[in-house]
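Visitor: I am new to this structure and would like to learn how to read its side-chain contacts. Could you take me through them step by step?

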Amino acid sequence: LVSMGASPHAYTMSLSLNNSVDKLWLKNFSNSLYKEQKKYNLYLMGGDIVKSKYLSITITILGVIDKGKYIKRNSAKINDDIWVTGNIGDSYIGHKLLKKRIIIKNINKKKYFINSYYYPNPPVALSIKLGKFMTSAIDISDGFIGDLEKITVNFKKGANIFLKNIPYSNYCKFLINNKVVSVSELLCGGDDYQLLFTAKVKNRPYLYKLSSKYKIKFSRVGKITKSKKLNLLGYNITSLKKSYKHFI
């Protein structure tokens, strides 16, 4: 919704509950849903509950936007700036910790990364305001590089990405410097649920003001080019996995 410039409005939910579900589970689940509703200002408008062999939860969220104002993936213009909100890679590291593929002894760092995976924080508060400036956008769910291709290469455009401008948290930088994780992993890891968008150069001052006013980190990481390929300055992307690949 945010990547299209829309605000959350309501959601439907279908629950298929199995024998593992008890009153305590339902209470905790309901309380968590209520917190998310309050946080993002939306409500449950209906759905269905059935008994099943397997536990399954299906949620569809509906948003609102002014007619004709939605943001598309294919509308970036040559020389547009490329921006990213928040940080890249924290969620990926959290996932690796949960899978025991890396070990971090510091409790605070470990908790930070795992929370980044379990509790993503997309810039929903800015959805409509950002929509006034975005020429194209996508959420980073499958990985920075792979999702960037979906608004550039897939539509016969390219990008120059400035590696030094990619935003990482201080904890993440520590792991990079100590070779616990690599930059190539972080650029392709996914699950960040931050916004990757393009905007006209003239709108830089307005975007920096929005970032400051709402205390949401914005990073200008590159520009759109005619090249029909990604040029990650200072890095060879041919060796990258690029993004998560869905099975369909």
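Visitor: Which residues do ring pairs link into a cluster?

Guide: In this predicted model, the cluster is made up of W83, F197, Y208 and F218, joined by ring pairs.

Visitor: How is a pair of aromatic rings described, and how many aromatic pairs does a search of the whole structure find?

Guide: A pair of aromatic rings is described by the distance of the centres and the angle of the planes. Searching the whole structure gives 11 aromatic pairs. One of these is formed by Y112 and Y171, whose rings lie 5.2 Å apart centre to centre with 80° between the planes, and this pair is edge-to-face because the angle is over 60 degrees. Y112 belongs to helix α3 (residues 107-118) and Y171 to helix α6 (residues 170-177), so that the pair links distant parts of the chain, 59 residues apart.

Visitor: Are Y112 and Y171 buried or exposed?

Guide: Y112 counts as partly exposed, at 27% relative accessibility, and Y171 is also partly exposed, with a relative accessible area of 30%.

Visitor: What lies over the face of F174?

Guide: K109 does, at 4.7 Å from the ring centre.

Visitor: How many disulfides does a search of the whole structure find, and why is C188 not bonded to C172?

Guide: The search finds 0 disulfides. The sulfur of C188 has its closest cysteine sulfur in C172, and because the two are 13 Å apart, they are too far for a bond. C172 is buried, with a relative accessible area of 0%, and C188, at 8% relative accessibility, counts as buried as well.

Terms used: Residues numbered from 1 in each chain as written. Predicted model: local features only at pLDDT ≥ 70, side-chain atom pairs only at ≥ 80, totals over all residues. Heavy atoms only, no water. Disulfide = S-S within 2.5 Å. Buried < 20%, exposed > 50% of the residue type's maximum accessible area, 1.4 Å probe, protein only. Phe/Tyr/Trp six-rings, centres within 6.5 Å; stacked < 30°, edge-to-face > 60°. Helix = DSSP H or I, 4+ residues; strand = E, 2+ residues; numbered from the N terminus. Lys NZ or Arg CZ within 6 Å of the ring centre and 35° of its normal.
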